[in-house]
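The following paragraphs lead the reader through one protein chain. Please keep the sequence and the model in view while reading.

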Amino acid sequence: MAETADTRTPAQIEADIKRRREVLAETLDEIGVRVHPQTIIGDAKAKVVANIDHTVGRAYVQVNRMVSEVRAQFVDEEGSLRVERVVPVALLAVGVVGLLAFSGKRRKG
């Protein structure tokens with residue numbers, strides 16, 4: 001390696017050293033904050049919350065899509081009910097509830 005002569009004055013060298021010490025001090029402070037247990041716990045909590053938010057958002061979109069699909073089965077484009085589809089489903093629901101109520105009374109008696 002070829003050696004180069006340093007043409008800086010002692011005051012310039014001291015100023016450079018001072019600047020580098022300040023930068024190193026800031027870096028060490030930042031590292032201290034990053035490795036602090038509370039910071040690590042906070043970061044972990046933030047990641048969990050972000051994942052939960054993402055999962056909830058995806059579930060919300062999926063539920064919205066399913067509701068829209070079901071609604072499309074029972075409502076026409078104008079917003080009025082499709083009676084030919086609503087009546088059989090309503091009758092089925094009443095039948096199921098009736099069977100459950102009847103079977104509940106039958107067991108008690």
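**From one leucine to the whole chain**

L81 is exposed, with a relative accessible area of 57%. The model under discussion is a predicted one. L81 belongs to the loop that joins α2 and α3. When residues up to four places away in sequence are set aside, L81 touches F74, V75 and V86. As a further reference point, V63 is 18 residues from L81 in sequence, and the two C-alpha atoms are 21 Å apart in space.

R82 lies in the loop between α2, which covers residues 37-74, and α3, which covers residues 83-108. Is R82 buried or exposed? With a relative accessible area of 18%, R82 is buried, because the cut-off for that class is under 20%. The contacts of R82, leaving aside neighbours within four places in sequence, are A72, Q73, F74, V75, D76 and E77. With one of these residues, E77, R82 also forms a salt bridge, in which the closest N and O atoms are 3.9 Å apart. That distance of 3.9 Å qualifies because the criterion is a nitrogen to oxygen separation within 4 Å. The two partners fall into separate accessibility classes: E77 counts as exposed at 75% relative accessibility, whereas R82 is buried at 18%.

Which other residues are linked by salt bridges? R8, D16 and R19 are linked in a network. Within the network, the side chains of R8 and D16 meet with an N to O distance of 2.3 Å. The side chains of R19 and D16 also meet in a salt bridge, here with an N to O distance of 2.9 Å. R19 and D16 are three residues apart in helix α1, residues 10-34, so about one helical turn separates them. Both arginines of the network are partly exposed: R8 has a relative accessibility of 36%, and R19 has 48%. Over the model, the count of salt bridges comes to four.

The charged side chains may also be considered together. The protein chain carries 17 positive and 15 negative side chains. The centre of the positive set and the centre of the negative set lie 16 Å apart.

The overall architecture provides the setting for these local details. The protein chain contains three helices and zero strands, and its pattern along the sequence reads α-α-α. How does the radius of gyration compare with that of a compact globule of 109 residues? Such a globule would have a value near 13 Å, but the protein chain has 36 Å. Along the principal axes, the C-alpha trace spans about 100 × 45 × 25 Å.

Burial and surface complete the description. Buried residues make up 2% of the 109 residues in the protein chain, and R82 belongs to that buried class. The protein chain exposes about 10300 Å², of which carbon and sulfur atoms supply 63%. The loop between α2 and α3 thus offers a useful place to return to in the model: it holds L81, which is exposed, and R82, which is buried.

Methods: Residues numbered from 1 in each chain as written. Predicted model: local features only at pLDDT ≥ 70, side-chain atom pairs only at ≥ 80, totals over all residues. Heavy atoms only, no water. Helix = DSSP H or I, 4+ residues; strand = E, 2+ residues; numbered from the N terminus. Buried < 20%, exposed > 50% of the residue type's maximum accessible area, 1.4 Å probe, protein only. Contact = heavy atoms within 4.5 Å. Rg over C-alpha atoms; globule rule 2.2 N^0.38 Å. Areas by Shrake-Rupley, 256 points an atom, 1.4 Å probe, with all protein chains shown as cover. Lys, Arg positive; Asp, Glu negative; His and termini not counted. Charge placed at Lys NZ, Arg CZ, Asp CG, Glu CD.
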